[in-house]
Amino acid sequence: MKTILSLVLVSALSLFSAAIFAATAADSLTIVDPYVRAVPPGQSVSACFMSIKNSSATAHAIVKASSDISKVVELHTHTHENGMMMMRQVEKMDIPANGETTLQPGGLHIMLIGLHNELKLDQKVSITLEFEDGSKKEISAPVRKIMMKGMMKGKGMMNGMKH
Amino acid sequence: MKKTFPIIIVLLIVACAYMLFYWQPDSTTHKTIFSSSATLPEGGEFNLQSLAGPVSLKDFRGKVVLVYFGYTMCPDICPTNLSMMSNAFSQMDEKELEKVQGIFISVDPQRDTMERLAEYTHYFHPSIMGISGQADVIREIADRYGAAYQMVVQKDSATNYVVDHSSETYVINPQGKLVARLPHAAPPQEILDAVRKNIKN
């Protein structure tokens with residue numbers, strides 16, 4: 001009787017603690033400033049960028065992304081080798097424990113291949129990120145022109161926005 | 001031991017101060033790589049096609065020409081450089097714009113039609129044109145400019161194939177001579193400076 005009681009107690013306790021401590025990847029990750037790059041008319045590909053903050057002591061990873069905006073969504077990165085920019089598909093994007101991973105031009109990006117319709121500026125693109133533990137997070141990324149370091153200076157930015 | 005300790009501290013401070021004020025690895029290597037004309041590739045003439053007809057470098061004598069090799073299916077690298085060029089152009093007045101031409105040479109003639117190229121480049125700026133031609137002709141031009149690229153088949157990816165490519169912008173002076181290379185994602189101000197310097201000369 002005693003053993004059964006302790007067994008029940010132990011399993012109840014472990015279930016309880018699991019509920020407290022085993023937050024899913026989706027719970028632990030915060031997506032900051034997601035956006036999809038505006039592309040020329042007729043362009044069938046684009047890319048989505050963002051920062052991902054991990055507030056947990058466990059490393060997490062994006063293993064898949066999906067969206068209705070294009071036929072296919074893939075995880076890609078760029079590396080710079082032999083003087084060339086090489087774009088390659090990656091299996092996952094790691095987000096270190098208590099760390100941050102940034103998807104940005106020239107590096108990691110979520111690639112949207114075979115856009116169903118032309119992207120419009122400020123249009124919200126819904127993308128679902130799937131993590132290593134199967135949890136998911138849906139994000140809404142506005143379409144915008146990229147602004148990189150040095151592009152904010154001068155009147156050029158205003159003129160540049162016209163077309 | 002007690003005496004050497006303060007000496008070490010002083011030495012450390014001196015070393016840090018030296019690093020702070022004199023050690024600028026980025027700016028120095030940057031300058032030597034990209035503005036030393038002694039190491040520049042030969043560049044030179046090219047004859048290709050645009051939607052509006054044949055295009056030769058010699059058509060633009062008297063203008064500063066910025067040449068970039070890329071492909072329109074490029075989701076990130078090419079649009080970044082063309083955005084920078086576009087941003088620089090939109091900071092120029094009309095007189096300056098008359099003295100400059102952006103040229104995007106497609107290294108992916110299989111997928112980039114003339115119509116596609118025209119639409120693509122015009123989106124960035126009316127002063128940027130897209131040109132292309134036969135694969136072997138483009139390769140010969142790229143070699144002379146020191147531009148590298150290769151098609152890489154992507155198994156299990158919907159991209160089918162991607163194009164690895166160098167992403168420098170080539171600055172050609174009004175006499176048709178290659179005078180500088182700008183690195184990937186050179187900010188608009190750097191592009192403006194390069195163009196203005198060569199308009200004057």
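**Exercise 1. Aromatic pairs**

Find how many aromatic pairs this predicted model holds, and classify the pair Y35(A) and F49(A).

*Solution.*
Step 1. The count over all chains is 9 aromatic pairs.
Step 2. Take the rings of Y35(A) and F49(A): their centres are 5.5 Å apart, and their planes meet at 40°. Planes under 30 degrees apart would be stacked, and planes over 60 would be edge-to-face. The angle of 40° fits neither class, so the pair is tilted.
Step 3. Place the two residues. Y35(A) belongs to strand β1 (residues 29-37) of chain A, while F49(A) belongs to strand β2 (residues 45-54) of chain A. They are 14 residues apart, and the pair links distant parts of the chain.
Step 4. Check the surroundings: Y35(A) and F49(A) are both buried.

**Exercise 2. Rings in chain B**

Classify the pair Y123(B) and F124(B), then find which other rings join their cluster.

*Solution.*
Step 1. The ring centres of Y123(B) and F124(B) are 5.1 Å apart, with 85° between the planes. An angle over 60 degrees counts as edge-to-face, and this pair is edge-to-face.
Step 2. Both Y123(B) and F124(B) are buried.
Step 3. Follow the ring pairs. They link Y123(B) and F124(B) with Y68(B), F104(B) and Y120(B) into a cluster.
Step 4. Look for a charge over Y123(B). The charged end of K145(A) sits over this ring, 5.2 Å from its centre.

**Exercise 3. The roles of R111(B)**

What does R111(B) lie over, and with which residue does R111(B) form a salt bridge?

*Solution.*
Step 1. R111(B) lies over the face of Y161(B), 3.6 Å from the ring centre.
Step 2. R111(B) also forms a salt bridge with D108(B); their closest N and O atoms are 2.8 Å apart.
Step 3. Compare with the cut-off for burial, which is under 20% relative accessible area. D108(B) has 1%, so D108(B) is buried. R111(B) has 23%, so R111(B) is partly exposed.

**Exercise 4. More salt bridges**

How many salt bridges does the structure hold over all chains? Describe K92(A) with D94(A), and E168(B) with R181(B).

*Solution.*
Step 1. The structure holds 10 salt bridges over all chains.
Step 2. K92(A) and D94(A) meet at 2.8 Å, N to O. K92(A) is partly exposed at 43% relative accessible area. D94(A) is partly exposed too, at 44%.
Step 3. E168(B) and R181(B) meet at 3.8 Å, N to O. This pair links distant parts of the chain, 13 residues apart. E168(B) is in the loop between β7 (161-165) and β8 (169-172) of chain B, and R181(B) is in strand β9 of chain B.
Step 4. R181(B) has 14% relative accessibility, so R181(B) counts as buried.

**Exercise 5. Cysteines**

Why do C48(A) and C74(B) form no disulfide?

*Solution.*
Step 1. A disulfide needs two cysteine sulfur atoms within 2.5 Å.
Step 2. For C48(A), the closest cysteine sulfur is in C74(B), 17 Å away, so that is too far for a bond.
Step 3. For C74(B), the closest is in C78(B), at 3.3 Å, and this is also too far.
Step 4. The count over all chains is 0 disulfides.
Step 5. Both cysteines are buried: C48(A) has 0% relative accessible area, and C74(B) has 2%.

**Exercise 6. A helix**

Compare the span of helix α3 of chain B with the expected span.

*Solution.*
Step 1. Helix α3 (residues 77-89) of chain B has 13 residues.
Step 2. The helix reaches 19 Å from its first C-alpha to its last, close to the expected 18 Å.
Step 3. For burial, 13 of the 13 residues of α3(B) are buried.

Terms used. Residues numbered from 1 in each chain as written. Chains lettered and ligands numbered in written order. Predicted model: local features only at pLDDT ≥ 70, side-chain atom pairs only at ≥ 80, totals over all residues. Heavy atoms only, no water. Phe/Tyr/Trp six-rings, centres within 6.5 Å; stacked < 30°, edge-to-face > 60°. Helix = DSSP H or I, 4+ residues; strand = E, 2+ residues; numbered from the N terminus. Buried < 20%, exposed > 50% of the residue type's maximum accessible area, 1.4 Å probe, protein only. Lys NZ or Arg CZ within 6 Å of the ring centre and 35° of its normal. Expected span 1.5 Å × (residues − 1). Salt bridge = Lys/Arg side-chain N within 4 Å of Asp/Glu carboxyl O.
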